[in-house]
Amino acid sequence: MDLVGGKWKAVILYHLQDGAKRFGELHAHLRDATEAVLSRSLKQLERDGLISRQVFGSRPPLKTEYALTPFGASFLPVLAALTEWGNRAVVERGSFIGDAE
């Protein structure tokens, strides 16, 4: 859980499963995450070997893309199972679990 725990790490991995994304693309998907939180989560995921960061260009503005590593991709079956479980819980309960509180 140290590798993928927290509010945003699994969500970031979910959005990278279809291919590399730039910071702005990820931030558009995670509107409730501040840029600082997203940046910190990306750095942690990169440090832990789940994603890679590739910088294109030699002078600003640089293009930076984030992508799953093979280790990160190995988490996708677990993520799919969690997604399926969550979706089933929403259908059975009629709302997200947090909505009832």
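**Entry 1: a word to settle before looking**

I call a residue buried when its relative accessible area is under 20%. I should also note right away that this is a predicted model.

My test case is L42, which sits in helix 3. Its relative accessible area is 1%, so L42 is buried. I then tried T64, which lies in strand 3. T64 comes out at 15%, so T64 is buried too. For the whole protein, I found that buried residues make up 27% of the 101 residues.

**Entry 2: the overall plan**

I went through the secondary structure and got five helices and three strands. Reading along the sequence, I wrote the pattern down as α-β-α-α-β-β-α-α. The C-alpha trace spans about 50 × 25 × 25 Å along its principal axes.

I also looked up how far apart in sequence the contacting residues are. Taking the contacts with a separation of 6 or more, I found that 45% of them link residues 24 or more positions apart.

**Entry 3: the sheet**

In what order do the three strands lie in the sheet? I traced them as 1-3-2, in an open sheet with antiparallel pairing. Strand 1 and strand 2 are the edge strands, each pairing on one side only.

A reminder from class: strands of a sheet pair through backbone hydrogen bonds, either parallel or antiparallel.

Next I checked the two pairings. Strand 1 (residues 21-22) is joined to strand 3 by two bridges, and K21 has Y66 as its bridge partner there. Strand 2 (residues 51-56) pairs with strand 3 over six bridges. On that side, Q54 stands opposite E65.

I then followed the side chains along strand 3 (residues 63-68), and they alternate. T64, Y66 and L68 point to one face and are buried. K63, E65 and A67 point to the other face and are not buried.

Back to T64 for its contacts, skipping neighbours within four places in sequence. I listed K21, R22, F23, R53, Q54 and V55.

**Entry 4: the loop between strand 2 and strand 3**

These two strands make a hairpin with six residues between them. Two things in the backbone caught my eye. G57 takes a positive phi near 100°. P60 and P61 are joined by a cis peptide bond, with omega about -5°. I placed P61 in the loop between strand 2 and strand 3.

Why write these down? Most residues other than glycine have a negative phi, and most peptide bonds are trans.

**Entry 5: helix 1 against helix 3 and the sheet**

Two packed helices are described by the angle between their axes and the distance between the axes. I looked up both for helix 1 (residues 9-16) and helix 3 (residues 35-47): the angle is about 75° and the axes are 10 Å apart. Angles of 65 to 115 degrees count as roughly perpendicular, so helix 1 and helix 3 are roughly perpendicular to each other.

Which residues make the contact? From helix 1 I noted K9, I12 and L13. From helix 3 I noted L38, S41, L42, Q44 and L45. Sorted by type, the contact residues are five nonpolar, two polar and one charged.

Helix 1 also packs on the sheet, where it touches strand 1, strand 2 and strand 3. The direction of helix 1 makes about 95° with that of strand 3.

**Entry 6: the core**

How many residues does the largest nonpolar core have? I read off 18, and those with the most contacts inside it are I12, L13, L16, L42 and I51. Helix 1, helix 3, strand 3 and helix 5 (76-93) each supply at least two residues of this core.

I picked two of these residues to follow up, again leaving out sequence neighbours up to four places away. L42 touches I12, F23, L26, I51 and Y66. L42 and I12 are 30 residues apart in sequence, and their C-alpha atoms are 8.0 Å apart in space.

I51 has contacts in several places. From the helix 1 stretch I noted L13 and L16 among them. L42, L45 and E46 are on the list as well, and so are Y66, A67, L68 and T69.

How values were computed:
Residues numbered from 1 in each chain as written. Predicted model: local features only at pLDDT ≥ 70, side-chain atom pairs only at ≥ 80, totals over all residues. Heavy atoms only, no water. Axes fitted to C-alpha atoms, helices over the stretch in contact; angles between N-to-C directions. Helix = DSSP H or I, 4+ residues; strand = E, 2+ residues; numbered from the N terminus. Parallel < 35°, antiparallel > 145°, perpendicular 65-115°, else oblique. Contact = heavy atoms within 4.5 Å. Nonpolar A, V, L, I, M, F, W, Y, C, P; charged D, E, K, R; others polar. Buried < 20%, exposed > 50% of the residue type's maximum accessible area, 1.4 Å probe, protein only. Pairing = 2+ DSSP bridges. Core = buried A, V, L, I, M, F, W, Y, C linked by side-chain atoms within 4.5 Å.
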